[in-house]
Amino acid sequence: DPSPEPPGWSQSLLLAGDLMRGDSRIRLLNFVSKSPLDCPVAVVFGHACAMNWAGPAYDDVGIGVADGLWRAGYPADLIPSDEITRGALRVNAGGQVQYGPQSYAAVVLYHPEFESPETAAFFREAAKGQTALFRVGDWAKEFDGGPFDGNSALPARTIACEDGASCVGAVVGRLQEIGVERQTPATGEMTGFNRRSCAPPTSGHCRLIDGTRILVAGERRVAGDPVQTTLLINGREAEIDAQGVAAVRLGDDGELQAMVAGGLKRFRAGALEIVLDRRVDVALWRDDDGQMRGVLQDWEGPVPASLTALTPHWLRLEVPPPRGEKGGG
C-alpha cells in the first residue's frame, strides 16, 4: 500500500505553483485604496417580515433581487430595514440615500410588511432627493400587527413592482437611463449556510467608491492572464499592458492618483508614460502630501530609470516561494 500523505499535504498543494504569485499581485491593491466596491443599488429588506414565520415572506431577505442586479452588472448592497431606525441608512446633504461611504442611485424596499411608520417617513424624505425608489410586496400591517396602509404612506414616486424579477428589470432600466456604468456581471456562484448566491467571475472589471478601476484576468492562469487594454475614465484614456491585475485612479484633472499592475510592461495616462524592458509588479500612489510613492515587487537590482523618474520613494517586496520550493518550507 502506498504510504499516507504527510500532514499538511493539502496545504502544500494549495500554495504550490502560481498561486503565491497571483495572491502577491492582488495584495498590491491594498497600497492604493481602502475603498469598498461601488454598489449603486441598496436592497432594504423588511427585517420583521423576513423573521415572521407566519408572514408573507418568511426567510426571504431579497437575495434574489440582489443577485439579479449583480448578474446584470450592477452590484447591490443587502441591508436590513433596522438600519433606518438606528440612523445608519440616511439621506445625505446631496439628497441621496447613503449607507457608510456608499450613496445610492436606486433603493428597493423589499417586503415591508410589519415595518414601523418610521420606515415610510424615511422614504418620504428620500423622495425629495435624487435616489430612485422601488417597492416589492404590499404593506398592510405595522410592527404590532395592526392595520396600516403602508403602500399609501410611501411617497407617490415609489415604483411598485409585481415581483423580484420585474423589480430587477425596472431598476436596471433606471440605472441605464441615468448613465450608471455597468461592471462585469456576476456569473459565478457560491454556496454556504444552505443558500446559493452569485459571485464575480475570475476575469472582469469593477469600480470602487473612490473611483479606482480594477481589472482582473485569471481564467487560464491563477498567476494572471494578459491585461492589454485602454480604460476610459471620466473621458480620459489610460493604456495598460500588464498581467493578472491592474488598477487605475485618475484625478478630476486627469492626473494619475494611483496605479497597480502585475507584470507591468507599459502604462500611459495623459503625459505620464512608463515603459519597462521586462515585466515587474508595480504599485504607485500619491500620499496625503501629494507625493508619489511606489512598491516594486520581486525585482532584483536598481529600480528602473522610468520609475525613479516618477519618485525616489520605493518599497521592495518579495514574492513568498511556493511551499515545497527552496525557502518555502
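Two strands count as paired if DSSP finds at least two bridges between them. With that criterion in mind, the tour of this predicted model begins at a pair of strands.

**First stop: the hairpin of β9 and β10**

Select β9 (188-192) and β10 (195-199). These two strands pair in the antiparallel sense, and five bridges link them. To find the register, centre the view on G188, which stands opposite A199 in β10. Then follow the chain to the turn: β9 and β10 form a hairpin with two residues between them. One residue of that turn, F193, has a positive phi of about 55°.

**Second stop: the second largest pocket**

Keep β9 and β10 displayed and turn to the second largest pocket, which holds about 200 Å³ of space. Its lining consists of 13 residues, and those closest to the pocket centre are I63, D67, M190, S197 and C198. Which elements give two or more residues to this lining? They are α5 (63-71), β9 and β10. Colouring the lining by class shows seven nonpolar, three polar and three charged residues.

**Third stop: the hairpin of β11 and β12**

Move along the chain to β11 (203-207) and β12 (213-217). Here too the pairing is antiparallel, with five bridges between β11 and β12. S203 is the residue to select for the register, as it stands opposite A217 in β12. The hairpin of β11 and β12 has five residues between the strands, and G211 takes a positive phi near 95°.

**Fourth stop: the largest pocket**

With β11 and β12 still selected, display the largest pocket, whose volume is about 280 Å³. Of its 15 lining residues, P200, P201, G204, H205 and C206 are the closest to the centre. Two or more residues of the lining come from each of β11 and β12. The largest share belongs to β11, which supplies four residues. By class, the lining of the largest pocket comprises nine nonpolar and six polar residues, with no charged residue.

**Fifth stop: the sheet of β3, β4 and β5**

Next, select the open sheet of three strands, ordered β3-β4-β5 and paired antiparallel. Its edge strands are β3 (89-91) and β5 (102-103), each of which pairs on one side only. Between β3 and β4 (residues 97-99) there are three bridges. Within this pairing, V91 has V97 in β4 as its bridge partner.

Leave V97 highlighted and add T131, which is found in the loop between α7 (117-126) and β7 (132-136). The side chain of T131 reaches the backbone nitrogen of V97 at 3.0 Å. Is T131 buried or exposed? Its relative accessibility is 0%, so T131 counts as buried.

**Sixth stop: two prolines in loops**

Select P40 in the loop between α3 (29-32) and β1 (41-45). P40 counts as buried because its relative accessibility is 5%. For a long-range distance, add D287: P40 and D287 are 247 residues apart in sequence, and their C-alpha atoms are 28 Å apart in space.

Then go to P75, in the loop between α5 and β2 (76-80). P75 is likewise buried, at 5% relative accessibility. Add I178 to the selection: P75 and I178 are 103 residues apart along the chain, and 16 Å separates their C-alpha atoms.

**Last stop: the cysteines**

Finally, display cysteine sulfur atoms. How many disulfides does a search of the whole structure find? The search finds zero. The cut-off to keep in mind is that a disulfide is a pair of cysteine sulfur atoms within 2.5 Å.

Select C161 and C167 together. The sulfur of C161 has its closest cysteine sulfur in C167, at 4.0 Å, and this is too far for a bond. C161 counts as buried, at 12% relative accessibility.

Now select C49 with C167. For C49 the closest cysteine sulfur is also in C167, but it lies 15 Å away, so the two are too far apart for a bond. C49 is buried, with a relative accessible area of 1%.

Conventions. Residues are numbered from 1 along each chain as its sequence is written. This is a predicted model: local features need pLDDT of at least 70, side-chain atom pairs count only at pLDDT 80 or more; totals for chains, interfaces and linings use all residues. Side-chain values use heavy atoms; hydrogens and water are left out. On a 1 Å grid over the protein atoms alone, a cavity is a set of points where a 1.4 Å probe fits but cannot get out, and a pocket is an open set with protein on both sides within 12 Å along at least five of seven lines; lining residues have an atom within 4 Å of a point. Grid points are joined across faces, edges and corners, and a volume is the space filled by probe spheres set on the points. Ala, Val, Leu, Ile, Met, Phe, Trp, Tyr, Cys and Pro count as nonpolar, Asp, Glu, Lys and Arg as charged, and the others, Gly among them, as polar. Buried means under 20% relative accessible area, exposed over 50%, partly exposed in between (1.4 Å probe, protein chains only). A polar contact is a pair of N or O atoms within 3.5 Å; within protein, one must be able to donate a hydrogen and the other to accept it, and residues adjacent in sequence count only if both atoms are side-chain atoms.
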